[in-house]
Amino acid sequence: MATDGSLQTGAGMPMAPHAEAFDQLLCVDVHHETQDVKSFTFLSPDGKAFDFEAGQHLSLELGIAGLPESRCYSMSSSPARRKAITVT
């Protein structure tokens with residue numbers, strides 16, 4: 001995970017690796033679902049709302065060992081909760 005607590009994503013925007021810009025997200029909660037599964041809740045520092053449908057996934061890009069790493073995560077929060085997004 002990034003040491004500054006921020007992640008990059010294209011939530012509600014183009015999510016392809018070649019997207020022109022990524023949004024920074026702030027991780028505000030880590031919930032331990034089981035011994036080896038965690039859910040992460042994010043907010044937009046700019047107050048942007050998330051726009052997604054059930055069943056969609058999110059591509060997150062993290063800086064790991066100084067290199068960008070991209071992973072896809074299923075959104076586990078309700079699409080009706082627009083100010084925060086949770087991935088598991």
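**Figure 1. The surface and overall make-up of the protein.** In this predicted model, the accessible surface of the protein comes to about 5700 Å². Carbon and sulfur atoms account for 54% of that surface. Looking inward, 30% of the 88 residues count as buried. The secondary structure is simple to remember: six strands and zero helices. Read from the N terminus on, the elements go β-β-β-β-β-β. Among the contacts with a separation of 6 or more, 43% link residues that are 24 or more positions apart.

**Figure 2. Strands S2 and S3 side by side.** Let's begin with a pair of strands. S2 covers residues 23-34 and S3 covers residues 37-43, and the two pair in the antiparallel sense over seven bridges. How many residues does the hairpin use to join S2 to S3? The hairpin passes through two residues. To find your place in this pair, look for His-32, which stands opposite Lys-38 in S3.

**Figure 3. Strand S3 meets strand S6.** S3 also has a partner in S6, a strand made of residues 84-87. These two strands run antiparallel and are joined by four bridges. Two facing pairs help you follow them along: Thr-41 stands opposite Thr-86 in S6, and Leu-43 stands opposite Ala-84 in S6. Now look at where the side chains of S6 go. Ala-84 and Thr-86 point one way, while Ile-85 and Val-87 point the other way. Are these four residues buried or exposed? All of them are buried.

**Figure 4. The largest nonpolar core.** Ten residues make up this core: Leu-25, Cys-27, Phe-42, Phe-50, Phe-52, Leu-58, Leu-60, Met-75, Ile-85 and Val-87. Which strands each supply at least two residues of the core? They are S2, S4 (57-64) and S6. A general tendency is worth keeping in mind here: in soluble globular proteins, nonpolar side chains tend to be buried together.

**Figure 5. Val-87 and its surroundings.** Val-87 is one of the core residues, and its list of contacts takes us to several parts of the chain. Leaving aside neighbours within four places in sequence, Val-87 is in contact with Lys-38, Ser-39, Phe-40 and Phe-42, among others. Its contacts also include Leu-58 and Leu-60, as well as Tyr-73, Ser-74, Met-75 and Ser-76.

**Figure 6. Tyr-73 in strand S5.** Tyr-73 has its place in strand S5. Its relative accessibility is 27%, so Tyr-73 counts as partly exposed. Which residues does Tyr-73 contact, once neighbours within four places in sequence are left aside? They are His-57, Leu-58, Leu-60, Val-87 and Thr-88. Another useful marker is Ser-59: the C-alpha atoms of Tyr-73 and Ser-59 are separated by 6.4 Å, with the two residues 14 residues apart along the chain.

**Figure 7. A nonpolar patch on the surface.** Leu-26, Val-28 and Leu-43 form this patch, and together they have about 220 Å² of accessible area. Leu-26 is found in strand S2. With a relative accessible area of 41%, Leu-26 is partly exposed, because that value falls between the 20% limit for buried and the 50% limit for exposed.

**Figure 8. The salt bridge between Arg-82 and Asp-51.** The protein has a count of two salt bridges, and this view shows one of them. The closest N and O atoms of Arg-82 and Asp-51 are 3.7 Å apart. Why does this pair tie together parts that are 31 residues apart in sequence? Arg-82 lies in the loop between S5 (67-74) and S6, whereas Asp-51 lies in the loop between S3 and S4. Arg-82 is partly exposed at 39% relative accessibility, while Asp-51 is exposed at 54%.

**Figure 9. The salt bridge between Arg-71 and Glu-69.** Here the side chains of Arg-71 and Glu-69 meet, with an N to O distance of 3.2 Å. Arg-71 has a relative accessible area of 44% and is partly exposed. Glu-69 also counts as partly exposed, at 29% relative accessibility. As a general idea, side chains of opposite charge can pair when their charged atoms come close.

**Figure 10. Ala-65 in a loop.** Ala-65 lies in the loop between S4 and S5. What is special about its backbone? Ala-65 has a positive phi of about 55°, although it is not a glycine. With a relative accessible area of 78%, Ala-65 is exposed.

Definitions and conventions: Residues are numbered from 1 along each chain as its sequence is written. This is a predicted model: local features need pLDDT of at least 70, side-chain atom pairs count only at pLDDT 80 or more; totals for chains, interfaces and linings use all residues. Side-chain values use heavy atoms; hydrogens and water are left out. Two strands pair if DSSP finds at least two bridges between them. A nonpolar core is a set of buried Ala, Val, Leu, Ile, Met, Phe, Trp, Tyr and Cys residues joined through side-chain atoms within 4.5 Å. Buried means under 20% relative accessible area, exposed over 50%, partly exposed in between (1.4 Å probe, protein chains only). Contact means heavy atoms within 4.5 Å. Patches are made of residues with over 30% relative accessible area and no salt bridge: like charges are joined within 9 Å, nonpolar side chains (Val, Leu, Ile, Met, Phe, Trp, Tyr) within 5 Å. Accessible areas come from the Shrake-Rupley method with a 1.4 Å probe; for residues, only the protein chains shown count as cover. A salt bridge is a side-chain nitrogen of Lys or Arg within 4 Å of a carboxyl oxygen of Asp or Glu.
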